[in-house]
Amino acid sequence: MATPDIIDVATINGVLIAGAVSNSAHDIIDVTAEHTFKVNTLAISNIHGTNDATISVSVSADNGSNYYHLAKTVTVPADSTVYVITKDTSIYLDETDLLRVVASAADMLEYVCSYETLNDA
């Protein structure tokens, strides 16, 4: 297993994932061996018409042993969207790194995440 050299990448594939955010922590990205992922955007939308909710987003660089917050209990107002990661603040995740989301309440928040997989093999 080796981390790809991002200067000499053989393939770059764009990926879009989306789903509901629950009030239980959930890894939305789990970087596969011999890949690097460049996360370009992470949007969190509150689909509830009247109530605010909060979002926490964290990363693990050690296969889930420890998580560190990118955003912690950030309020997402009703019928609004918050961008946790943008093209200006993109991050790289290395093999076995994880990106996790958790909401203050179930059935209120959704995520849309756009990233690139980089592979030199």
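User: What is the strand order of the open sheet of four strands, and how is the pairing described?

Analyst: The order is S2-S8-S4-S5, with antiparallel pairing. The strands are DSSP runs of E, at least two residues long and numbered from the N terminus. The model is predicted, so local features need pLDDT of at least 70 and side-chain atom pairs count only at pLDDT 80 or more, while totals for chains, interfaces and linings use all residues. Residues are numbered from 1 along each chain as its sequence is written, and side-chain values use heavy atoms, with hydrogens and water left out.

User: What makes S2 and S5 the edge strands?

Analyst: Each of them pairs on one side only. Averaged over this sheet, neighbouring strands are turned by 20 degrees against each other, direction ignored. The angle is taken between axes, which are lines fitted to C-alpha atoms; angles between N-to-C directions run from 0 to 180 degrees.

User: Why are S4 and S5 called paired?

Analyst: Two strands pair if DSSP finds at least two bridges between them. S4 (residues 53-60) and S5 (residues 68-76) have six bridges in the antiparallel sense, so the condition is met. Ile55 stands opposite Val74 in S5, and Ser58 has His69 of S5 as its bridge partner.

User: How do you know that S4 also pairs with S8?

Analyst: S4 and S8 (residues 98-103) pair in the antiparallel sense over six bridges. One facing pair is Val59 and Leu99, the latter in S8.

User: Why is S4 described as mostly covered?

Analyst: Seven of the eight residues in S4 are buried. Buried means under 20% relative accessible area, exposed over 50%, and partly exposed in between, with a 1.4 Å probe and protein chains only.

User: What makes the contact of Asp27 and Arg100 a salt bridge?

Analyst: The term requires a side-chain nitrogen of Lys or Arg within 4 Å of a carboxyl oxygen of Asp or Glu. The N to O distance for Asp27 and Arg100 is 3.1 Å, so the pair qualifies. Asp27 lies in S2 (residues 26-30) and Arg100 in S8, so the salt bridge ties together parts that are 73 residues apart in sequence. A search of the whole structure finds one salt bridge.

User: How exposed are Asp27 and Arg100?

Analyst: Asp27 has a relative accessible area of 27% and is partly exposed. Arg100, at 23%, is partly exposed as well.

User: Why does Tyr92 fit in a nonpolar patch?

Analyst: Patches are made of residues with over 30% relative accessible area and no salt bridge; nonpolar side chains (Val, Leu, Ile, Met, Phe, Trp, Tyr) are joined within 5 Å, and like charges within 9 Å. Tyr92 has 46% and is partly exposed, so the area condition is met. Tyr92 lies in S7 (residues 91-93). Ile6, Ile7 and Tyr92 form the patch, with about 360 Å² of accessible area together, computed by the Shrake-Rupley method with a 1.4 Å probe.

User: What makes the phi of Asp79 worth a note?

Analyst: Phi of Asp79 is near 55 degrees, a positive value in a residue other than glycine. Asp79 lies in the loop between S5 and S6 (81-85) and is exposed, at 56% relative accessible area.

User: Where does Thr96 lie, and what is its phi?

Analyst: Thr96 lies in the loop between S7 and S8. The phi of Thr96 is positive, about 70 degrees, although Thr96 is not a glycine. At 29% relative accessibility, Thr96 counts as partly exposed.
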